[in-house]
Amino acid sequence: VSWTERLLASTTVGDDLRAPVSRMLEQQRRTWTLLAQGEASFAKIVSRSIEDGGSRVIVQSNPGRRVSTSAKVDPTSVAARPCFLCEKNLPTDERGVAFGDDLVIFANPFPIVADHLSIVSRAHVPQKIGGRVEEMFALARGLGPEMMVIYNGPACGASAPDHFHFQAGASNVLPITHDVRISTGAYVLLEAFGRRALVFRGSDARALALSVERAISSLGRVLEKSEEPMINIVASFERDQPTAYVFPREKHRPACFFATGEDQILWSPGALDMAGIAVIADPDHYDRVTSRVARAVYEEVSLSAESFRRWTEVLS
Ligand SMILES: [Zn+2]
C-alpha cells in the first residue's frame, strides 16, 4: 500500500486535528476488522478502583494487551522480528492522518483508553524523545483538551524500541490528573501511590518543552547514562495550559511479572500505568492487584528515592 493510499488527510503543527482524526476513526471502524474487534472487546473489559493515601488507580483486566505486555524488547529479539510499525508491514486496511512530514496518526486496535491512537514516524528510527517534546505538545494541542499524548521510553514500555512512536487517547479517565494541584510556572513533585514524578505546567508550550528536555538530560547526567534515561511522559493541554507528567523509572518490569504460579502478575507498566491505569493482561491475575501490591510495584519500578532526590537537586 502506498503512502498516498494510506493517508486519509494531511495536517501539520497548529491545525485542529479533531475533525480529521475523528473521520479517520470512523472510516477505520467500518473498514478495518481488527480495530472493530479490538474496540468491541475493549467495551466489555472489567475494571475497578483501588486507593492509597487519597490517590486512586484503576485496575483494568485487558487480555487484548497480552502481546504488547509480553513483547520481547531485548535487542536480539527486536532485530529478529519484522518491524510492525514500518509501513510495508502494516495491515492492508490500516489508514492514517499525516501530521507534518514525519508522523502519521493511526487507530490502535488494542485500546487501553477510548480513541486510542498510535502516532508513528514514517522512518524506521529508534525510540528517542530528545528534540521531540515540543512536537508532543503540538499534537496534544491539536488533538484537543479531551486527549493526551503518551511517550514510552525504549526500555520502559515501548513495544517497538526500534521505531519511533507516540500514543494518544482520551484523558478523561486518567486518575493522576486528580493527584496534582499546581499553578503555572515551575515543576512540582508528585508522590502518590508509590510513584515519584515531576509535573510541568506552564503557559508557553515551547518554553515548557525546553524545561522537560533539560530535565531529561539532567536525569541522564545524574544517572551517568549515555543513552536516554528510562522515562514515561504523558502530555496534555489542561485548561488551555500545556502539562507534562514525567515518570522517571528504575526498571521496566516488576519481579512479579517474572514470577510463577500464584505470585505472577502479567503487568508491564508504561506511561498509562504510571498515570493510574494498571493494565493487567491476564484476567486470572486481575484480583491479585490489591492496593498494597500496586503500591509495591509502583515503588519498585519508579526511580529510587535517592536518585530522585539527586535529580531534583540539580534541577532547582
Ligand atoms: Zn520500523
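This report describes the zinc site, the nonpolar cores and the aromatic contacts of a predicted model.

**Zinc site**

Four protein residues supply the donors of the zinc ion: Cys 83 and Cys 86 through SG, and His 124 and His 163 through ND1, at 2.0 to 2.3 Å from the ion. The arrangement is tetrahedral because the four donor atoms subtend angles of 100 to 120 degrees around the zinc ion. Along the sequence, the spacing of the donor residues reads C-x2-C-x37-H-x38-H. Cys 83 belongs to the loop between helix 5 (75–80) and strand 4 (96–99), and His 163 to the loop between strand 7 (147–152) and strand 8 (165–170); the pair therefore ties together parts that lie 80 residues apart in sequence. Cys 83 has a relative accessibility of 7% and therefore counts as buried. His 163 counts as buried as well, because its relative accessibility is 0%.

**Nonpolar cores**

The largest nonpolar core contains 45 residues, and Ile 105 and Phe 166 have the most contacts inside it. Apart from this core lies another, of 36 residues, which includes Ile 50, Leu 190, Ala 192 and Ile 265.

When neighbours within four places in sequence are left aside, the contacts of Phe 166 include Leu 103, Leu 117, Ile 119, Ile 129, Met 136, Leu 139, Val 149 and Ile 150. Ser 118, Arg 132 and Glu 135 are also among the residues in contact with Phe 166. Through ring pairs, Phe 166 is linked with Tyr 151 and Phe 164 into a cluster.

**Aromatic pairs**

The structure holds seven aromatic pairs. Two of them, both edge-to-face, are listed below.

| Pair | Centre to centre | Angle between planes |
|---|---|---|
| Phe 257 and Phe 258 | 5.0 Å | 75 degrees |
| Trp 267 and Tyr 298 | 5.4 Å | 85 degrees |

In the pair of Phe 257 and Phe 258, Phe 257 counts as buried because its relative accessibility is 9%, whereas Phe 258, at 58%, counts as exposed. In the other listed pair, Trp 267 is buried, since its relative accessible area is 0%, and Tyr 298 likewise counts as buried, its relative accessibility being 0%.

Trp 267 is placed in the loop between helix 8 (255–258) and helix 9 (271–274), while Tyr 298 is in helix 10, so this pair ties together parts 31 residues apart in sequence.

**Surroundings of Tyr 298**

The helix that holds Tyr 298, helix 10, spans residues 291–301. With residues up to four places away in sequence not counted, Tyr 298 touches Trp 267, Val 57, Phe 193, Gly 194, Arg 195, Asp 273, Met 274, Gly 276 and Ala 278. For one of these residues, Arg 195, the C-alpha atom is separated from that of Tyr 298 by 5.5 Å, although the two residues are 103 residues apart along the chain.

**Charges over rings**

Arginine side chains also meet aromatic rings in this model. The charged end of Arg 48 sits over the ring of Tyr 286, at 4.7 Å from the ring centre. The ring of Trp 3 has the charged end of Arg 122 over it, 5.3 Å from its centre.

Technical notes
Residues numbered from 1 in each chain as written. Predicted model: local features only at pLDDT ≥ 70, side-chain atom pairs only at ≥ 80, totals over all residues. Heavy atoms only, no water. Donors = N, O, S within 2.8 Å, 3.2 Å for Na, K, Ca; no water. Tetrahedral: all angles 85-135°; square planar, octahedral: opposite > 155°, others 65-115°. Helix = DSSP H or I, 4+ residues; strand = E, 2+ residues; numbered from the N terminus. Buried < 20%, exposed > 50% of the residue type's maximum accessible area, 1.4 Å probe, protein only. Contact = heavy atoms within 4.5 Å. Core = buried A, V, L, I, M, F, W, Y, C linked by side-chain atoms within 4.5 Å. Phe/Tyr/Trp six-rings, centres within 6.5 Å; stacked < 30°, edge-to-face > 60°. Lys NZ or Arg CZ within 6 Å of the ring centre and 35° of its normal.
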